[in-house]
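The following exercises concern a single protein chain. Each task is followed by a solution that proceeds step by step.

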Amino acid sequence: MDELVKKIAGLGLPGILFVIATATSGGSVAAVVTMLSSLGGPLGLLGGLGLLGLVGVVGETITGYGIENVLKLIYTERSKTESVRFLLKEIKELPITDDLKLKLKHHISPVVITEPEEGPAPKTIEIVDEEPSI
């Protein structure tokens with residue numbers, strides 16, 4: 001499991017999307033072939049076919065451990081070499097449920113970094129010194 005997670009983490013975001021596509025495709029070859037073509041880069045489908053053996057292993061791992069645990073392990077591994085802020089932004093854009101996004105964010109950064117919210121503008125108080133009237 002650890003070796004698989006390290007290899008997928010090495011792929012970066014395409015590896016994450018590959019895990020999600022494999023898990024959600026339900027065995028659909030078209031979705032996996034499309035993903036392999038995009039992962040193949042300049043080699044296209046032939047380059048992606050090099051990853052074909054990984055599909056079975058990833059599918060079995062996801063089934064055995066669950067997608068949440070697999071993604072947590074991948075992001076833990078990636079957080080060793082990449083900025084947590086970058087990974088949090090990446091998680092925000094993943095095509096997964098908000099609940100799973102929140103769990104992943106909390107997993108890699110227990111104190112979640114959020115963008116500062118703009119509150120109400122501070123009030124300006126003017127003190128006027130008046131002359132007393134006699």
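**Exercise 1.** With which residue does E68 form a salt bridge, and how far apart are the closest N and O atoms?

Solution. The model is a predicted one.

Step 1. The partner of E68 is K103, and their closest N and O atoms lie 3.5 Å apart.

Step 2. Place both residues in the fold. E68 belongs to helix α6 and K103 to helix α8, so the pair ties together parts that are 35 residues apart in sequence.

Step 3. Determine the exposure of each partner. E68 is partly exposed, at a relative accessible area of 25%. K103 is likewise partly exposed, with a value of 33%.

**Exercise 2.** Describe the salt bridges of K80 and R78, and state which residues form a network.

Solution.

Step 1. A search of the whole structure yields 6 salt bridges.

Step 2. K80 and E77 form one of them through their side chains, with an N to O distance of 3.3 Å. K80 is exposed, having a relative accessible area of 61%, while E77 counts as partly exposed at 22%.

Step 3. R78 is bridged to E90, with 2.5 Å between the closest N and O atoms. Since R78 lies in helix α6 and E90 in helix α7, this pair ties together parts that are 12 residues apart in sequence. Both R78 and E90 are buried, that is, each is under 20% relative accessible area.

Step 4. Through shared partners, salt bridges join E68, K72, D99 and K103 into one network.

**Exercise 3.** Characterise the largest nonpolar core and the elements that supply it.

Solution.

Step 1. This core has 24 residues, and those touching the most other members are I16, V19, V58, I74, Y75, L94 and L104.

Step 2. Two or more residues come from each of α1 (2–11), α2 (13–25), α5 (52–65), α6 (67–78), α7 (84–92) and α8 (98–108). The greatest contribution is that of α2, with 5 residues.

Step 3. Examine I74 in detail. When residues up to four places away in sequence are not counted, I74 touches V5, I8, A9, I16 and V19.

**Exercise 4.** Which residues of α7 are buried, and which are exposed on the other side?

Solution.

Step 1. The buried residues of α7 are L87, L88, E90 and I91.

Step 2. Viewed down the axis of α7, these residues fall within an arc of 160 degrees, so they line one face of the helix.

Step 3. R85, K89 and K92 are exposed on the other side of α7.

**Exercise 5.** Summarise the chain as a whole and assess the confidence of the prediction.

Solution.

Step 1. The chain contains 8 helices and 0 strands.

Step 2. Of its 134 residues, 31% count as buried. The accessible surface of the chain amounts to about 9200 Å², with 59% belonging to carbon and sulfur atoms.

Step 3. Consider contacts between residues at least 6 apart in sequence: 59% of these join residues at least 24 apart.

Step 4. The mean pLDDT of the chain is 76, and 76% of the residues score at least 70. Among the elements, α5 has the lowest mean pLDDT (67), whereas α8 has the highest (92).

Step 5. Where pLDDT is low, predicted coordinates should not be read in detail.

Note on methods
Residues numbered from 1 in each chain as written. Predicted model: local features only at pLDDT ≥ 70, side-chain atom pairs only at ≥ 80, totals over all residues. Heavy atoms only, no water. Core = buried A, V, L, I, M, F, W, Y, C linked by side-chain atoms within 4.5 Å. Buried < 20%, exposed > 50% of the residue type's maximum accessible area, 1.4 Å probe, protein only. Helix = DSSP H or I, 4+ residues; strand = E, 2+ residues; numbered from the N terminus. Contact = heavy atoms within 4.5 Å. Salt bridge = Lys/Arg side-chain N within 4 Å of Asp/Glu carboxyl O. pLDDT = per-residue confidence, 0-100. Areas by Shrake-Rupley, 256 points an atom, 1.4 Å probe, with all protein chains shown as cover. Arc of directions from axis to C-beta.
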